[in-house]
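Student: Could you walk me through this structure and tell me how the labels are earned?

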Amino acid sequence: MSMRSLWVTPMLLALLSLTTAPAALHAQPREEATADNLFTGTLDVRMGQRVFQQQCGRCHGNDGSGGEGGPDLTNGFRSASTDAGLFKIVREGIPNTQMVGISRRSTDQSTWMVVSYLNSLNDTTDVDLPGNATNGQQLFAGKGNCGSCHMVNGDGGRRGPDLSQVGNRRKPDELASDLRTPDEEVDPRWWTLRVTQVDGSLVEGLRMNEDTFSMRLMDDNENLWSFSKSDVRSFDRVKSSTMPSVDGALTDAEVDDLVAYLFSLRREES
Ligand code: HEC
Ligand code: HEC
């Protein structure tokens, strides 16, 4: 009990200092709010987009491509060259023009999120990745043989996770380590079961589910097998990934291409 509270206290303190950081940013006087943008994640961009559609879309178009009385914002900005400059324009508007800027009630945080959204409109690829997504798509279906295990938009195998939206849940550097070191973090859903039947024959495949008395697996041909644990000679669980590492099989440039392709697989923005 006391061990536990000793441990919890520093955790709570760490959490508290984390959660107070953004609040401190709000409290900054406006002139000092030219710090770096801390709100650049995918979620920040999406929040910024929401604010934009509510407050800016009527002049600049809902997708920022220009509209009634407001210029296109997808081809760079004439009046700002830095994030801090953009922040100032979004916050204060442009004097003596129709450009009014964000609501006075909006926080600095949501202003930064709008800045992130504006930047995203001007990125062709969201982030600068060295690889080429089109080449990556060809590698995925061809030389890389990834489609034999992975589904993308309804096409492919079931022996690995569906990757249709993998760009939403994995960052580029995480994707690269998924490809190079598949054994690093393997969800139990993707463990292998190796079952020796009473006649001595071996059945092996992905561990679909397992309880005290029974287990189910899917073999390489996507056949499902059920076993009662008491009816087999032995079984064991292999906790490494069935996915082969790309190291040695593909060049660094090809891995970059695959990462660019995978990162482009995302939910449609509505
Ligand atoms: C009432 C119409 C209107 C609204 C609402 C509006 N704008 Fe503007 N905006 C303009 C006009 C007009 C300009 C061009 C001003 C000029 O002549 O320089 C402009 C310019 C800009 C620019 C500079 C473009 C460049 O090339 O430098 C940015 C960035 C911008 N608006 C963002 C926003 C954002 C973000 C919002 C919402 C918070 C917003 N605007 C709301 C009309 C509007
Ligand atoms: C033999 C089947 C198989 C092949 C071939 C295969 N994978 Fe996998 N892959 C898996 C399995 C199983 C997992 C889940 C276990 C793990 O994390 O390694 C996985 C995981 C992944 C992940 C992480 C997904 C997530 O949601 O976290 C990515 C990305 C991935 N694979 C991409 C690829 C690419 C690209 C190729 C081709 C170069 C490929 N895979 C080839 C079976 C395979």
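Student: Which helix gives the most to the shell around ligand 2?

Tutor: Helix H8 does, with three residues. Before we go on, this is a predicted model, where local features need pLDDT of at least 70, side-chain atom pairs count only at pLDDT 80 or more, and totals for chains, interfaces and linings use all residues. Residues are numbered from 1 along each chain as its sequence is written, chains are lettered from A and ligands numbered from 1 in the order in which they are written, and side-chain values use heavy atoms, with hydrogens and water left out.

Student: What makes H8 a helix?

Tutor: Helices are DSSP runs of H or I with at least four residues, strands are runs of E with at least two, and both are numbered from the N terminus. H8 covers 172–180, and together with helix H9 (252–263) it belongs to the elements that each supply at least two residues of the shell around ligand 2.

Student: Which residues are closest to ligand 2?

Tutor: Cys 146, Cys 149, His 150, Ser 241 and Met 243 are the closest of the 25 residues that surround it. A residue is near a molecule or strand if one of its heavy atoms lies within 4 Å of it.

Student: What makes the approach of the Ser 241 side chain to ligand 2 a polar contact?

Tutor: A polar contact is a pair of N or O atoms within 3.5 Å; within protein, one must be able to donate a hydrogen and the other to accept it, and residues adjacent in sequence count only if both atoms are side-chain atoms. An N or O atom in the side chain of Ser 241 is 2.7 Å from an oxygen atom of ligand 2, so the pair qualifies. A backbone N or O atom of Pro 182 lies 3.2 Å from an oxygen atom of ligand 2, so this pair qualifies too.

Student: Which residues are the protein donors of the iron atom of ligand 2?

Tutor: They are His 150 (NE2) and Met 243 (SD), 2.0 to 2.1 Å from the iron. Donors are N, O and S atoms within 2.8 Å of the metal (3.2 Å for Na, K and Ca); water is not among the atoms, so sites may look incomplete. His 150 lies in the loop between helix H6 (133–141) and strand E1 (151–152), and Met 243 in the loop between E7 and H9, so the pair ties together parts that are 93 residues apart in sequence.

Student: Why is the arrangement around the iron atom of ligand 2 called octahedral?

Tutor: Six donors count as octahedral if opposite donors are over 155 degrees apart and all others between 65 and 115. The six donor atoms here subtend angles of 87 to 177°, which makes the arrangement octahedral.

Student: How do you know whether His 150 and Met 243 are buried or exposed?

Tutor: Buried means under 20% relative accessible area, exposed over 50%, and partly exposed in between (1.4 Å probe, protein chains only). His 150 has 11%, so it is buried, while Met 243, at 26%, counts as partly exposed. Pro 244, in the loop between strand E7 (232–238) and H9, has 62% and is therefore exposed.

Student: What are the protein donors of the iron atom of ligand 1?

Tutor: His 60 (NE2) and Met 99 (SD) are, lying 2.0 to 2.1 Å from the iron. The six donor atoms subtend angles of 87 to 179°, which makes this arrangement octahedral. His 60 is buried, with a relative accessible area of 9%, and Met 99 counts as partly exposed at 25%.

Key: Tetrahedral: all angles 85-135°; square planar, octahedral: opposite > 155°, others 65-115°.
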